[in-house]
Amino acid sequence: MYRDDFEMLSNNIIYFDNGATTLKPKCVKDAICKYYSEYTSNAHRGDYKTSAIVDSLYEGTREKIKNFINAKENSEIVFTSGTTNSMNIIVSGFFKNYLKKDDEVLITLSEHASNIIPWFILQKEIGIKVKYIPLDNNNEITIENFKNSITDKTKVVSLAYVTNVIGDERPIKDISKIAHENNILVVVDAAQGAPHTRIDVQEDDIDFMAFSGHKMYGPTGIGVLYAKFDLLDKIIPLNYGGGMNAMFTKDGYVELREIPTRLEGGTPNIEGVLGLGAAIDYLENIGMNNINKYEKDLRKYLVSELSKLDFIDIYNKNNDTNIVAFNIKGVFAQDTAIYLDKYNICVRAGNHCAKILDNVFNVSNTVRISLSFYNTKEEIDLLINVLKNSENIWKEIL
Amino acid sequence: MDKDIKRSIILDNYQNSNMKHTSDDSYVKINTRNVSCIDNLDIYLKIRNNIIIDASFEGEACVISISSTNILINMLIGKTCKEGINIINNYLKMINEEEYDKDLLEDLLVFDDTSKQPSRIKCATLSANGIKEYLEKENHS
């Protein structure tokens with residue numbers, strides 16, 4: 001769908017690495033260029049016309065994001081540099097002060113590095129305990145395993161909405177219901193979820209959420225931190241300086257601005273915000289439900305075609321999102337990726353930043369295909385053909 | 001060297017790596033995890049009186065990485081640390097398209113056009129760099 005909107009697709013590539021980053025529609029590029037050619041100026045500053053335009057576009061994007069995830073108020077949306085930045089603000093700016101020694105955070109072995117390492121650092125710094133909710137035979141979380149992992153020390157559960165290797169979508173609504181009954185706060189890493197499915201933070205009752213612009217057709221270097229207002233209000237800023245202070249005096253008195261401005265110290269990534277705004281408009285125009293349905297159908301086709309090849313191991317056959325992890329039997333994932341690249345097929349090989357997942361996966365490196373709505377059955381047919389000829393792999397890559 | 005011969009040497013060292021096994025505590029273990037890709041090999045070296053008397057490697061990596069490690073380790077056994085460093089330096093020069101001594105490199109010459117595939121340079125130099133760093137750093141007398 002909508003392939004003409006993506007200039008990169010005219011370069012004769014098959015782009016299957018959407019979990020790493022997505023291609024950008026022309027409207028996103030145009031929004032960024034327009035900022036530089038028509039109304040370059042700082043946000044929240046000058047009293048001249050272009051500055052007012054930028055201000056209104058910048059705050060307008062905040063509103064678009066509020067609507068996109070159905071937050072209650074615009075002030076619950078903070079612009080960051082990406083999911084990693086958002087997760088670190090959540091962990092260092094809030095939980096470092098909220099948690100006490102021996103309090104427990106629940107994660108799983110299939111989380112991305114940015115939902116693991118910040119908690120490890122906190123474990124080192126203040127003595128919290130990072131615990132893993134066991135995964136089932138499909139490497140997925142179950143409500144039962146979550147319930148059984150809760151102790152009276154559990155204060156937070158932090159999970160990907162959709163995991164980035166296995167690609168399972170978590171039952172966040174059910175998890176947060178149980179979590180809140182036990183006074184446990186819910187953190188969601190939506191980097192892989194937000195681009196592919198409609199997330200409603202009120203419906204799912206999510207306390208904190210992080211996602212990236214570039215994985216949802218927006219520019220790199222821009223991301224979002226969402227938190228319920230009362231929680232966001234308690235986050236201690238990591239960046240002090242311009243834009244985030246209300247006043248300060250020579251004797252050291254500092255008064256900070258309101259939320260969310262307080263958490264956006266320094267000149268923000270304005271081109272990023274405006275580009276993200278265009279990406280959100282673009283997605284809303286296609287409709288997240290349409291995207292979700294199309295990608296699920298496409299995945300089913302991909303899995304059914306891959307399953308016909310007896311020399312392919314698929315590691316997450318039963319999931320229902322946009323991600324498929326596989327290997328050619330006896331071939332290292334990176335060699336497969338280099339072979340596919342000979343045919344301009346872009347896939348990711350590796351552990352996909354889920355370096356502790358091999359504890360349950362029995363294989364540490366896989367080839368990952370992560371689909372987008374601009375991928376087609378014809379592209380999958382081409383992939384299958386190339387894989388069918390992979391007996392020539394050494395001749396091709398050596 | 002003919003492309004087919006090169007390929008068969010690379011593949012043979014990948015599919016039948018005679019040096020791919022772990023070794024005991026009397027060996028030093030060097031991990032050469034490649035930060036930019038996913039190769040992860042452990043190198044085992046036994047050095048006495050400045051001579052590399054035995055070596056092996058174990059781990060998961062791509063064809064270039066495994067094959068180059070197997071060839072290099074076969075060549076290093078029996079050499080002094082200084083000779084080993086010299087072989088590796090010449091190998092690295094070849095990979096980086098600098099002038100090098102062909103006579104020192106034996107089967108490692110199969111990687112002489114690696115620079116044409118920039119993404120493979122790290123794979124081809126993973127073990128060489130790890131071993132070189134160890135040989136240069138320690139006093140092995």
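**Residue Thr125 of chain B, the fold of chain B, and packing in chain A**

B:Thr125 is placed in helix α4 of chain B, the helix that covers residues 118-137. In this predicted model, B:Thr125 has 23 other C-beta atoms within 10 Å and is therefore classed as buried, the threshold for that class being 20 or more such atoms. When the neighbours within four places in sequence are left aside, the residues in contact with B:Thr125 are B:Leu92 and B:Ile95. A separation of 60 residues in sequence lies between B:Thr125 and B:Ser65, yet their C-alpha atoms are 7.6 Å apart in space.

The chain to which this residue belongs contains four helices and three strands, and these elements follow one another from the N terminus in the order α-β-β-β-α-α-α. The radius of gyration of chain B is 14 Å, which agrees with the value near 14 Å that a compact globule of 141 residues would have. Along the principal axes, the C-alpha trace of chain B spans about 40 × 30 × 25 Å, and 39% of the 141 residues in the chain are buried. Of the contacts in chain B between residues at least 6 apart in sequence, 58% join residues that are at least 24 apart.

Chain B also touches chain A, in a contact to which chain A gives 11 residues and chain B gives nine residues. On the side of chain A that touches chain B, at least two residues are supplied by each of α10 (333-341), β14 (348-350) and α13 (393-397) of chain A. Classified by residue type, this side of chain A comprises four nonpolar, five polar and two charged residues.

Within chain A, helix α2 (residues 49-69) packs with helix α8 (residues 270-286) at an angle of about 45°, and the axes of the two helices are 9 Å apart. Angles between 35 and 65 degrees fall outside the roughly parallel and roughly perpendicular ranges, and α2(A) and α8(A) are therefore oblique to each other. The crossing of α2(A) and α8(A) is left-handed. From α2(A), the residues that take part are A:Val54, A:Leu57, A:Tyr58, A:Gly60, A:Thr61, A:Lys64, A:Ile65 and A:Phe68, and these meet A:Ile270, A:Val273, A:Leu274, A:Leu276, A:Gly277, A:Ile280, A:Asp281 and A:Glu284 in α8(A). By class, 10 nonpolar, three polar and three charged residues make up the contact of α2(A) with α8(A).

Definitions and conventions
Residues are numbered from 1 along each chain as its sequence is written. Chains are lettered from A and ligands numbered from 1 in the order in which they are written. This is a predicted model: local features need pLDDT of at least 70, side-chain atom pairs count only at pLDDT 80 or more; totals for chains, interfaces and linings use all residues. Two residues are in contact if their C-beta atoms, placed from the backbone, lie within 7 Å. Ala, Val, Leu, Ile, Met, Phe, Trp, Tyr, Cys and Pro count as nonpolar, Asp, Glu, Lys and Arg as charged, and the others, Gly among them, as polar. Axes are lines fitted to C-alpha atoms, for helices over the stretch in contact, and angles run from 0 to 180 degrees between N-to-C directions. Angles under 35 degrees count as roughly parallel, over 145 as roughly antiparallel, 65 to 115 as roughly perpendicular and the rest as oblique. A crossing is left-handed if the near helix is turned anticlockwise from the far one by less than a right angle, and right-handed if clockwise. The radius of gyration is taken over C-alpha atoms; the globule rule is 2.2 Å times the number of residues to the power 0.38. A residue is buried if 20 or more other C-beta atoms lie within 10 Å of its own, exposed if 12 or fewer, and partly exposed in between; C-beta atoms are placed from the backbone.
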